[in-house]
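Here is a structure to be read term by term, with each label set against the rule behind it.

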Amino acid sequence: MNKTDYKIGASNGAGAGAARGETVRAGTNCLVEQAVGRLYRSHYGKMVANILSRYPDLGLETAEDLVQDAFAVALTEWARDGIPNNPPGWIYVVIRNRAINRLKADKKMWVVADAGQADTRSVVAESLMGEALLSMEEVPLQEQVVDDEQLRLLFACAHPDLSPKVQVVITLKYVINLKVEAIARALGMTVDGIDKLLSRARKKIREEKIFLVEPHAAGLVHRLPIVHKIIYLIYNEGYKPASGDAVLHEELCGEALILNKALMDNGLGGRATAALHALMLFNAARFGARFGPRGELLDLEDQNRELWSKPLIMMGCDFLRRAGGLEVEGMSPVGGSTFKGGGVHGLGRGIPRDGAIRGGTAGAQPGAGADTDGVTTYHYEAAIAWVHCTAKSWLLTEWRLISRLYERLLEWGPNPFVQLSYAIALFYAGERTTALAILHQLLQTPAMNQYYLLNATLGKLYLLEGHPGRSREFFTRALGQTALVSEQEFIRRKMELIGD
Amino acid sequence: MEKFLLLIREDAEQRAKMTQEEFDRCIQIMGGWVESLAQTGNYISSEPLQHRGKVISKDNIVSDGPFIEAKEAISGYFLIYAENLEQAASIAQTCPLVLAGRLGMEVRPIILFGNE
């Protein structure tokens, strides 16, 4: 018995030793994988753009292939030889050498087809050889949180011919350097769907040389609203509590904040940039409080306000002040602050109310609009978020002020989702009949009829109005309108309040 | 931003065979798209059309239609804002039912009249 025991012990010991050895190797591999992963995240788009600007003949697809290949090579060679001193430089040299080889191969075929171009060929070959002799130290890739090349790419992605969705996808791909699977997870789309969008976008990038052209200064100003929109969309995708992968989503919010901050730090941003930053910070302050102890979704009303990050709210206030245009008096960092005159005095000063904003081509610039004073929708959204952030409780929120801010927001253009929020604010401000009338009007539109949040809102408000029957009716409808378990649970918890 | 009309084109036969549940599901999918359009500030309005109608010809003759011969019929519309025709088309391409090959869209810029 003892012998056997010993034997088992020995074999266990040997097994443990082998496992330790594997752990060490796995640890190195893991480090290399992490290093390559990090580098991919910080450099993928830059390397593609860099190699493409040096050798435009490669074409976008080949350039992307070469960069992908180089990262794969790094993964195996670094695991064997260790991580080099200048990792991005190492990878860049691999890409460049392969690019040169590829071009030389292409040139040969081309020269065979057209022997008359021999002179050109030798010049090209010479310059290519010269490039290949560049030492690693000369490779111009330094480490910065967001560098000029990334900002240039960000503005390139904000091409007005592309849909906002495509702009977001290519920004995630080439500026934030997410892989296709991560983009799919982030946007709640299939890998196939992202691939389809990307392949169409690549065609456009190729045809219009989007990554090669330096947008001139005037172009940068024109594209700034689009850049803001991209940043805000990425932030919102990260903020959505519905889908899984919490780490990825928090990263998206972080990336959006970093990019937006980089705009300001590089003198590219304006008042809208500051307003957007304030808005994102106010929302970020509530990031962790959106979930209960069991991971369940909590709406603003049920969140523990003690968990809201006061430093982030303070930073948000600072940026909202910098954004200007709202004439917010005595805006103290946390609580107790009011707008001058207890209302919206001076808010949105300069916004014509006579329809000049609604009509005309320069009119409603939804989502990224600015009036002549440079006040944007972000200013109003940030102001609303600020009122929520500084309110003592849900019921003690300045609902009348919030409803007026939503009114201003609606002047930018029709938006049924803003109308829904407006009606909720009106209800809590005491204008219950008007609020319910607006909600029923929304219910008649095909866009909102099947929207779970509208039906859930009606369920909630009818319960407060003392109509449990109608309440149950609307909650039941809402339940059938979302496929997301987290949202269904959210509705069920609300339904429990109805009782019998 | 300019205004665009997106005319939804759909296989008339398939549309006729659709059950109420299938139709509701489509409306829900389109609702999700509307939400993303509203979020990006591109949405103005949209409505689906009933599967019936009359056609009045140039010589003022009324007939039922246009579904009998037409393989594709207009089944709804969207009004959207977009930077230009290219972007409007790019937006139409992101419609989930277009991506699923269920419907097509015609994208038409709306003529705007200035007051100068």
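Q: What makes residues of chain B and chain A part of the contact, and how many does each chain give?
A: Contact means heavy atoms within 4.5 Å, and by that rule the contact takes 28 residues from chain B and 31 residues from chain A. This is a predicted model, in which local features need pLDDT of at least 70 and side-chain atom pairs count only at pLDDT 80 or more, whereas totals for chains, interfaces and linings use all residues. Side-chain values use heavy atoms, with hydrogens and water left out, residues are numbered from 1 along each chain as its sequence is written, and chains are lettered from A and ligands numbered from 1 in the order in which they are written.

Q: What is the area buried between chain B and chain A?
A: Buried area is the accessible area (1.4 Å probe) that two parts lose on being put together, summed over both; for chain B and chain A this is about 2600 Å², of which carbon and sulfur atoms give 57%.

Q: Why is the pair B:E86 and A:K204 called a salt bridge?
A: The term asks for a side-chain nitrogen of Lys or Arg within 4 Å of a carboxyl oxygen of Asp or Glu, and the closest N and O atoms of B:E86 and A:K204 are 3.4 Å apart, so the pair meets the rule. Across the interface of chain B and chain A, the rule finds one salt bridge.

Q: Which elements of chain B give two or more residues to the side that touches chain A?
A: They are α2, β2 and α3 (85-93) of chain B, where helices (H or I, at least four residues) and strands (E, at least two) are DSSP runs numbered from the N terminus. Of these, α2(B) gives the most, with eight residues.

Q: How do you know that β1 and β5 of chain B pair, and in which sense?
A: Two strands pair if DSSP finds at least two bridges between them, and β1 (residues 2-11) and β5 (residues 72-82) of chain B have ten bridges, in the antiparallel sense, so they count as paired. Within this pairing, B:K3 stands opposite B:Y81 in β5(B).

Q: What makes β2 and β6 of chain B edge strands?
A: The open sheet of four strands has the order β2-β5-β1-β6 (chain B), with antiparallel pairing. Because β2 (43-48) and β6 (103-109) of chain B each have a single partner strand, one side of each is left without a neighbour in the sheet.
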